[in-house]
Amino acid sequence: MRTYGDYLDLGSVRGVTLPKRQLHASVSVALTPRQSVSLTYARQDASILGGSRILSLGYNASFGSRVSLFANAFRDRDQAQSLGLYLGVIVNLDHRISVSLSASRYGDANTLAASASQSIDYDKGGFGWNVLADGGNAGYRHDLGRLDYQGSYGDVSAQVEHSSTAAGSSFTTRSLYATGSLVLMDGALLASRPISDAFAVVTTNGTPDVPVLRENRVVGDTSSGGHLLIPDLLSYNANHLAIDTLNLPVDAEVETDHLDVVPRGRSGVLARFPVSRYQGAVVVLQDEQGRPLPVGTAITLQGDTATYTLGYDGQVFFPHLQPGGNVISAKVGDILCMAHIEFSTKNTMQTMGPYTCKPGGTP
């Protein structure tokens, strides 16, 4: 990388010039599928911050799916007593828990650090934590403990940090941090985790406890009002949303169970999954001789523009019937027959009949 004249970039510190020339070269060799070594050389010409020529040798390896080892040695040829060494190991345990231990030395400074943490399940939320202890020369000691919670209505973090030296200086800090979002859409005020890009409000027409999926992963259930706020969609991209209909009542009617939404940046979309209830039943039709009407017979319901097809054993399903009397017509050959069906809401999703379809004229 080479600069000329008074070149500056957006990351430049005011009054600090950039080095005229920077060089970086590295080579990495895989010893085995899980082990590799690397050699790196970095050079920066002298500037107001000084120059450097750093040579670094690194090694990393993984043992199984749980243990990772890192080692690095480096030296700045332009600085005296600049030999540095670093060694670290990370062990991944069950339930998203990991522990690490590291030791480093740079010049006469030594540091030893140990930490353990449990990450939060991003989709399901819950608790996560992190503890850290490190120490070094001159009695330096640093301890930190942090507890995080990710809920449906926001994130909360609590942290305690303590540092001390052998000279007697010490400090302790305590902090509590909470963040979240409020969205007013579709007549509902919804709280959520922080929204950084785009979001969607899922509505199921008031049906509660419906699991909602984003990219085939469950992200939550609809509220008592039939809403769920999804705070982490990608703007200007197709985001695949769906609902799980397996646990819906048997009389639930779902027009669609999946949608692709493309929100704009810093905005949201309303994803409608209309869930209603059937008010119909399976009706069994037969002729005057008591035989089921032929399979494939076209069936019409008075007041309904749809045409239904008769199945086996004279059965046909009507998703919507009117309480009281309903008139059904069937065309068998050149004969048009009719049947009168008395329906009550207690018969919803039941099998009714058999009803005799009596000839009512020639079409």
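# Exercises on a predicted all-strand chain

In this chain, 41% of the contacts with a separation of 6 or more are between residues 24 or more positions apart, where contact means heavy atoms within 4.5 Å. The model is predicted, so local features need pLDDT of at least 70 and side-chain atom pairs count only at pLDDT 80 or more, while totals for chains, interfaces and linings use all residues. Residues are numbered from 1 along each chain as its sequence is written, and side-chain values use heavy atoms, with hydrogens and water left out.

**Exercise 1. Describe the overall build of the chain.**

Step 1. Take the secondary structure: the chain has zero helices and 30 strands. Both are DSSP runs numbered from the N terminus, with at least four residues for a helix (H or I) and at least two for a strand (E).

Step 2. Compare the spread with a globule. The radius of gyration is 35 Å, whereas the globule rule gives 21 Å for 363 residues, so the chain is more spread out than a compact globule. The radius is taken over C-alpha atoms, and the rule is 2.2 Å times the number of residues to the power 0.38.

Step 3. Add the dimensions: the C-alpha trace spans about 110 × 45 × 45 Å along its principal axes.

Step 4. Look at the surface. The accessible surface is about 22000 Å², and 55% of it belongs to carbon and sulfur atoms. Areas come from the Shrake-Rupley method with a 1.4 Å probe; for residues, only the protein chains shown count as cover. Of the 363 residues, 31% are buried (buried is under 20% relative accessible area, exposed over 50%, partly exposed in between; 1.4 Å probe, protein chains only).

**Exercise 2. Classify the ring pairs Phe 74 with Tyr 106 and Tyr 278 with Phe 317.**

Step 1. State the rule. Rings of Phe, Tyr and Trp (its six-membered ring) pair if their centres lie within 6.5 Å; planes under 30 degrees apart are stacked, over 60 edge-to-face, and the rest tilted. The count by this rule is four aromatic pairs.

Step 2. Apply it to Phe 74 and Tyr 106: with 5.9 Å centre to centre and 20 degrees between the planes, this pair is stacked. Phe 74 belongs to strand 4 (residues 67-76) and Tyr 106 to strand 6 (residues 97-106), so the pair links distant parts of the chain, 32 residues apart. Phe 74 is partly exposed at 27%, and Tyr 106 is partly exposed at 43%.

Step 3. Apply it to Tyr 278 and Phe 317: the centres are 5.6 Å apart and the planes at 80 degrees, so this pair is edge-to-face. Tyr 278 is in the loop between strand 22 (275-277) and strand 23 (281-286) and Phe 317 is in strand 26 (residues 315-318), so the pair ties together parts 39 residues apart in sequence.

**Exercise 3. Work through some of the salt bridges.**

Step 1. Set the criterion: a side-chain nitrogen of Lys or Arg within 4 Å of a carboxyl oxygen of Asp or Glu. The whole structure holds ten salt bridges.

Step 2. Examine Asp 78 and Arg 53, whose side chains form a salt bridge at 2.9 Å, N to O. Asp 78 is in the loop between strand 4 and strand 5 (84-92) and Arg 53 is in strand 3 (residues 52-63), so parts 25 residues apart in sequence are tied together.

Step 3. Examine Arg 146 and Asp 148, which meet at 2.8 Å, N to O. Arg 146 is partly exposed at 34%, whereas Asp 148 is buried at 18%.

Step 4. Note a network: salt bridges link Arg 21, Arg 43 and Asp 45.

**Exercise 4. Is Arg 193 buried or exposed, and which residues does Arg 193 touch?**

Step 1. Locate Arg 193 in the loop between strand 13 (188-192) and strand 14 (198-203).

Step 2. Check its accessibility: at 14%, Arg 193 counts as buried.

Step 3. List neighbours, leaving out residues up to four places away in sequence: among them are Tyr 122, Asp 123, Gln 150, Tyr 153, Asp 155, Pro 231 and Asp 232.

**Exercise 5. Find backbone features to inspect.**

Step 1. Go to Gly 353 and Pro 354: the peptide bond between them is cis, with omega near 10 degrees. Pro 354 is in strand 29 (residues 351-356).

Step 2. Go to Arg 266, a non-glycine residue with a positive phi of about 55 degrees. Arg 266 is exposed at 67%.
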